Amino acid sequence: MTDLAPAECEVPPDGWGPLILGASEGAPAPAAPPSAPITPGAYLRKRRTAAALGLIQAGATMATLPWSIRRPGTTERLRCINRLTAAETDRIPFSRPEAELVRNVFAFDVEIYFQLLELHFAALGARSGSEAMALRAASGLPEPQLCRACACSWHDACVTEAGPCAWTADPTLCTACQTRPAPALAGEA
Ligand SMILES: [Zn+2]
Ligand SMILES: [Zn+2]
């Protein structure tokens, strides 16, 4: 992992967009099923939020992965924060090695991320959430079952005091999210 890691944080020029912090953090469970499908980026954001990690903290942790023997500098942290932002906004999706690396920062299912990427590309160009949902359905690709609040899934369950979460009577909500408040985010004060 060590020798490939610095390259994973390398961003093409358009991955260096401005940082917009705090816009969609810690959103509570929506009351009704969403009117637009979840994007790969939104999936990452939900899983990061479920791990109570702010964007800045997650990026800083990403920067420590490849260079764990020395403290990462501001440039390295910023590079990783920008790379994570580019993936979370679906501008530059993670490659498989990048996704495997980021999984060391917060839990998510790499297979589900790539499943969502295929669905996302199947619906690229949709002008509305409902059109995107229709295009995804027409693609014949399977939609993963995700908790609509935290985006946990079968192989990536929430860890609770009572053990791993399960599905509630509502197949889009897990037992952990049924009771818990929106997570308090670290590193985004
Ligand atoms: Zn959940
Ligand atoms: Zn869960």
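**Exercise 1. Burial in H2**

Which residues are buried in H2? Work from the predicted model above.

*Solution.*
Step 1. Apply the cut-off: a residue is buried if 20 or more other C-beta atoms lie within 10 Å of its own.
Step 2. List the residues of H2 that pass. They are Pro 40, Gly 41, Tyr 43, Leu 44, Arg 45, Lys 46, Arg 47, Arg 48, Thr 49 and Ala 50.
Step 3. Draw the conclusion. Ten of the eleven residues of H2 are buried, so this helix is largely enclosed by the rest of the structure.
Step 4. Look for the cover. Helix H3 (55–64), helix H4 (74–88) and H6 are among what covers the buried residues of H2.

**Exercise 2. Two helices together**

Find the angle at which helix H2 and helix H6 pack, then say how the two are oriented.

*Solution.*
Step 1. Locate the helices. H2 covers residues 40–50, and H6 covers residues 110–122.
Step 2. Read the geometry. The angle is about 150°, and the axes are 8 Å apart.
Step 3. Classify the angle. Angles over 145 degrees count as roughly antiparallel, so H2 is roughly antiparallel to H6.
Step 4. Name the residues that meet. H2 brings Pro 40, Tyr 43 and Leu 44. H6 brings Ile 112, Tyr 113, Leu 116, Leu 117 and His 120.
Step 5. Sort them by type. The contact has seven nonpolar residues, one polar and no charged.

**Exercise 3. The largest nonpolar core**

Which residues of the largest nonpolar core touch the most other members? Which elements give two or more residues to this core?

*Solution.*
Step 1. Start with the size. The core holds 37 residues.
Step 2. Pick out the residues that touch the most other members: Cys 147, Cys 150, Cys 152 and Cys 174.
Step 3. Trace the elements. H2, H3, H4, helix H5 (96–102), H6 and helix H8 (175–179) each give two or more residues. H3 gives the most, with six.
Step 4. Check the domains. At least three residues come from each of domain 1 (36–144) and domain 2 (145–181).
Step 5. Follow one member. Leave aside the neighbours of Cys 150 within four places in sequence. Cys 150 is then in contact with Lys 46, Ala 50, Cys 158, Cys 174 and Cys 177.

**Exercise 4. Residues in loops**

Is Pro 142 buried or exposed? Then do the burial check for Ala 52 and Asp 90.

*Solution.*
Step 1. Place Pro 142. This residue lies in the loop between helix H7 (129–139) and strand E1 (159–160).
Step 2. Count neighbours. Pro 142 has 10 other C-beta atoms within 10 Å. The limit for exposed is 12 or fewer, so Pro 142 is exposed.
Step 3. Find a partner in space. Pro 142 and Leu 119 are 23 residues apart in sequence, and their C-alpha atoms are 8.3 Å apart.
Step 4. Turn to Ala 52, in the loop between H2 and H3. Its phi is positive, near 55°, and the residue is not glycine. Ala 52 has 16 C-beta neighbours inside 10 Å, so it counts as partly exposed.
Step 5. Finish with Asp 90, in the loop between H4 and H5. Its phi is also positive, near 60°. Asp 90 has 17 C-beta neighbours inside 10 Å, so it counts as partly exposed.

**Exercise 5. The whole chain**

How many helices and strands are in the protein chain?

*Solution.*
Step 1. Count the elements: eight helices and two strands.
Step 2. Read their order along the sequence: α-α-α-α-α-α-α-β-β-α.
Step 3. Add the burial. Buried residues make up 34% of the 189 residues.

Note on methods: Residues numbered from 1 in each chain as written. Chains lettered and ligands numbered in written order. Predicted model: local features only at pLDDT ≥ 70, side-chain atom pairs only at ≥ 80, totals over all residues. Axes fitted to C-alpha atoms, helices over the stretch in contact; angles between N-to-C directions. Helix = DSSP H or I, 4+ residues; strand = E, 2+ residues; numbered from the N terminus. Parallel < 35°, antiparallel > 145°, perpendicular 65-115°, else oblique. Contact = placed C-beta atoms within 7 Å. Nonpolar A, V, L, I, M, F, W, Y, C, P; charged D, E, K, R; others polar. Core = buried A, V, L, I, M, F, W, Y, C linked by C-beta atoms within 7 Å. Domains from an automatic or database assignment.
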